[in-house]
Amino acid sequence: MSDAQDEIFCCDSLKGVVAELPEPAAPTVYRADNGVTMMVVGLVRTEEGLGYLDQAILHCPFCGTKLQAAKP
Ligand SMILES: [Zn+2]
């Protein structure tokens with residue numbers, strides 16, 4: 001049995017940031033429709049609501065594990 005959500009957590013630190021951040025920051029780490037793992041790095045409040053600034057994660061910011069290859 002495979003759990004797609006667990007695949008992106010290479011260490012407890014990365015898993016911890018997802019668990020500890022409160023709404024509406026979550027999900028801070030998620031898998032986009034194209035299969036790329038993304039991390040929300042900022043929030044912007046606009047007249048139309050809350051906007052997310054996100055970025056693809058290529059390496060884990062905590063342990064350095066390569067999570068995925070850069071895609072053009
Ligand atoms: Zn890690």
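**Entry 1: surface patch**

I started on the surface, where Leu43, Leu50 and Tyr52 make a nonpolar patch of about 260 Å². Patches here are built from residues with over 30% relative accessible area and no salt bridge, joining like charges within 9 Å and nonpolar side chains (Val, Leu, Ile, Met, Phe, Trp, Tyr) within 5 Å. A salt bridge would be a side-chain nitrogen of Lys or Arg within 4 Å of a carboxyl oxygen of Asp or Glu. Areas come from Shrake-Rupley with a 1.4 Å probe, and for residues only the protein chains shown count as cover.

Note to self: this is a predicted model, so local features need pLDDT of at least 70 and side-chain atom pairs count only at pLDDT 80 or more, while totals for chains, interfaces and linings use all residues. Numbering runs from 1 along each chain as its sequence is written, and side-chain values use heavy atoms, with hydrogens and water left out.

I then looked up Leu43, which sits in strand β2 (residues 37-46). Leu43 is partly exposed at 42% relative accessibility (buried is under 20%, exposed over 50%, partly exposed in between, with a 1.4 Å probe and protein chains only).

**Entry 2: the whole chain**

I counted 2 helices and 3 strands in the protein chain, in the order α-α-β-β-β along the sequence. These are DSSP runs numbered from the N terminus: helices are H or I with at least four residues, strands are E with at least two.

How much of the protein chain is buried? Buried residues are 22% of its 72 residues. The protein chain exposes about 5300 Å², with 53% of that supplied by carbon and sulfur atoms. For contacts (heavy atoms within 4.5 Å), I took the ones between residues at least 6 apart in sequence, and 32% of these join residues at least 24 apart.

**Entry 3: zinc**

Which residues hold the protein donors of the zinc ion? I found the SG atoms of Cys10, Cys11, Cys60 and Cys63, lying 2.3 Å from the zinc ion. Donors are N, O and S atoms within 2.8 Å of the metal (3.2 Å for Na, K and Ca), and sites may look incomplete since water is not among the atoms.

The arrangement is tetrahedral because the 4 donor atoms subtend angles of 100 to 122°; four donors get that label if all angles lie between 85 and 135 degrees. For reference, the ideal angle for four tetrahedral donors is 109.5 degrees.

The donor residues are spaced C-C-x48-C-x2-C in sequence. Cys10 is in the loop between α1 (4-7) and α2 (12-20) and Cys63 is in the segment after β3 (49-56), so the pair ties together parts 53 residues apart in sequence. I checked exposure too: Cys10 is partly exposed at 32%, and Cys63 is partly exposed at 41%.

**Entry 4: Asp12, Asp54 and Ala70**

Asp12 is in helix α2 and is exposed, at 69% relative accessible area. I get 9.7 Å between the C-alpha atoms of Asp12 and Cys63, which are 51 residues apart along the chain.

Asp54 is in strand β3 and is partly exposed at 31%. What does Asp54 touch, leaving out residues up to four places away in sequence? I listed Tyr30, Met38, Met39, Val40 and Val41. Its C-alpha lies 5.3 Å from that of Val41, 13 residues apart in sequence.

Last lookup: Ala70, in the segment after β3, is exposed at 59%. Ala70 and Ile57 are 13 residues apart in sequence, with 8.8 Å from C-alpha to C-alpha.

How values were computed. Tetrahedral: all angles 85-135°; square planar, octahedral: opposite > 155°, others 65-115°.
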